[in-house]
Amino acid sequence: MRLIGDVGRDSVMSLSGKTVMITGAGGGIGRAVASAFARERADIFATDVKEETARQTGKEVVAVGGNCVADRLDVRSETDIQRSVGRCLEALGKVDILVNCAGILTILPFDKITQELWDGTMEVNARGTFQTCKAVASHMVTRGGGGKIVNVSSIAGKNGGAYYTHYCASKFAVIGITKSLALELAPHGINVNAVCPGDVQTEMLEYEFRTHSRIRGIPEEELRKQWAARVPLGRLALPEDVADIIVFLASRKADYMTGQSLNVSGGMVMF
Ligand SMILES: NC(=O)c1ccc[n+]([C@@H]2O[C@H](COP(=O)([O-])OP(=O)(O)OC[C@H]3O[C@@H](n4cnc5c(N)ncnc54)[C@H](O)[C@@H]3O)[C@@H](O)[C@H]2O)c1
């Protein structure tokens, strides 16, 4: 008979010996994700379209005793993705965990969203996420050792938002990609989940404050207070709030979860 506690679980996340590939690793959330995985002793492959920012993340990880290889990766290019996954395999031997953080945002009224802007947003947020999943999941399937994929969607992937039509569409797409791949990859022991952050204090949020301040004629500082006040938990998110949930989803603690889209929004969204 199996006793309570006798389920082969341990108290820490146990990511020692695991390799994690991160896209958009030079951004606010990506950097926090790299640090959080480094704290759990995982090896990190940090990529970003802005190579210098990926290298900076790498330096920060190494400075706290972690192991990190940095690479330039533009998720709009399938060739670039293949090359980068290849480099990760060369440098670190495998990919156990993929975290898709790369993303872009523009805020515009519907009649100013050009075909170019629509396609550009989809190209990075939706297609880029899918193509990176495709390349890494193919490696995971061939390797036969299972794996974990965590995609960064948004509460904009659950709710609409005025001036966010193209961004919302791309983040809803990320949830669709996550659910479909979760079903297809489950027989291979690969879990695919998403996180849906609320307002996280990164460059992207600073752009939102600047833009809304201009559109609505409200000072940025006032907007900051208003946005924090609408969060039930009473504050904007830190990148670390999101990173902790991503690490959990990538750990053995989440072995029985797949196809889920977890809100990390301080209670702003509950479905
Ligand atoms: N900050 C928020 O409030 C918030 C809320 C919900 C979801 N998100 C999502 O979280 C993710 C990370 O955002 P962030 O807040 O850290 O923003 P950020 O702007 O700091 O980081 C985004 C990163 O993605 C990289 N990137 C952009 N285009 C790329 C491409 N073609 N290929 C590879 N990398 C590319 C950027 O260089 C940047 O480093 C994004 O997907 C974003 O949509 C952010």
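## A walk through the helices and one pocket

Helices α4 and α5 are roughly parallel to each other, since an angle under 35 degrees counts as such. Keep in mind as you click around that this is a predicted model.

**Stop 1: α4 and α5.** Select residues 115-143 for α4 and residues 165-185 for α5. Their axes come within 8 Å and cross at roughly 15 degrees, and the crossing is right-handed. Now show side chains. On the α4 side, the contact takes in Leu117, Trp118, Thr121, Met122, Asn125, Ala126, Thr129, Phe130, Cys133, Ala137 and Val141. Facing them from α5 are Thr165, His166, Tyr167, Ala169, Ser170, Lys171, Ala173, Val174, Ile177, Leu181 and Leu185. Try colouring by residue class: you should get 15 nonpolar, six polar and one charged in this contact.

**Stop 2: α3 against α4.** Keep α4 on screen and add α3, residues 78-92. Here the axes come within 10 Å and cross at roughly 40 degrees, which makes α3 oblique to α4. As α3 passes α4, the crossing is right-handed. From α3, pick Glu78, Ile81, Gln82, Val85 and Leu89. Their partners on α4 are Gly128, Gln131, Thr132, Lys134, Ala135, Val136 and His139. Colour this set by class too, and it splits into five nonpolar, five polar and two charged residues.

**Stop 3: α1 and α2.** Hide the previous helices and bring up residues 28-39 (α1) along with residues 51-63 (α2). The two pack at an angle of about 25 degrees, with their axes 10 Å apart, so α1 is roughly parallel to α2. This crossing is right-handed. Which residues meet here? Select Arg31, Ala34, Ser35 and Ala38 in α1, then Thr57, Glu60 and Val61 in α2. By class, that contact has three nonpolar, two polar and two charged residues.

**Stop 4: the second largest pocket.** Last, switch on a surface and go looking for the second largest pocket, with a volume of about 180 Å³. Which residues should you centre on to find the middle of this pocket? Go for Lys18, Gly145, Gly147, Lys148 and Asp255, the closest to its centre among the 16 residues that line it. Colour the lining by class and you'll see three nonpolar, seven polar and six charged residues.

Key:
Residues are numbered from 1 along each chain as its sequence is written. This is a predicted model: local features need pLDDT of at least 70, side-chain atom pairs count only at pLDDT 80 or more; totals for chains, interfaces and linings use all residues. Side-chain values use heavy atoms; hydrogens and water are left out. On a 1 Å grid over the protein atoms alone, a cavity is a set of points where a 1.4 Å probe fits but cannot get out, and a pocket is an open set with protein on both sides within 12 Å along at least five of seven lines; lining residues have an atom within 4 Å of a point. Grid points are joined across faces, edges and corners, and a volume is the space filled by probe spheres set on the points. Ala, Val, Leu, Ile, Met, Phe, Trp, Tyr, Cys and Pro count as nonpolar, Asp, Glu, Lys and Arg as charged, and the others, Gly among them, as polar. Axes are lines fitted to C-alpha atoms, for helices over the stretch in contact, and angles run from 0 to 180 degrees between N-to-C directions. Helices (H or I, at least four residues) and strands (E, at least two) are DSSP runs, numbered from the N terminus. Angles under 35 degrees count as roughly parallel, over 145 as roughly antiparallel, 65 to 115 as roughly perpendicular and the rest as oblique. A crossing is left-handed if the near helix is turned anticlockwise from the far one by less than a right angle, and right-handed if clockwise. Contact means heavy atoms within 4.5 Å.
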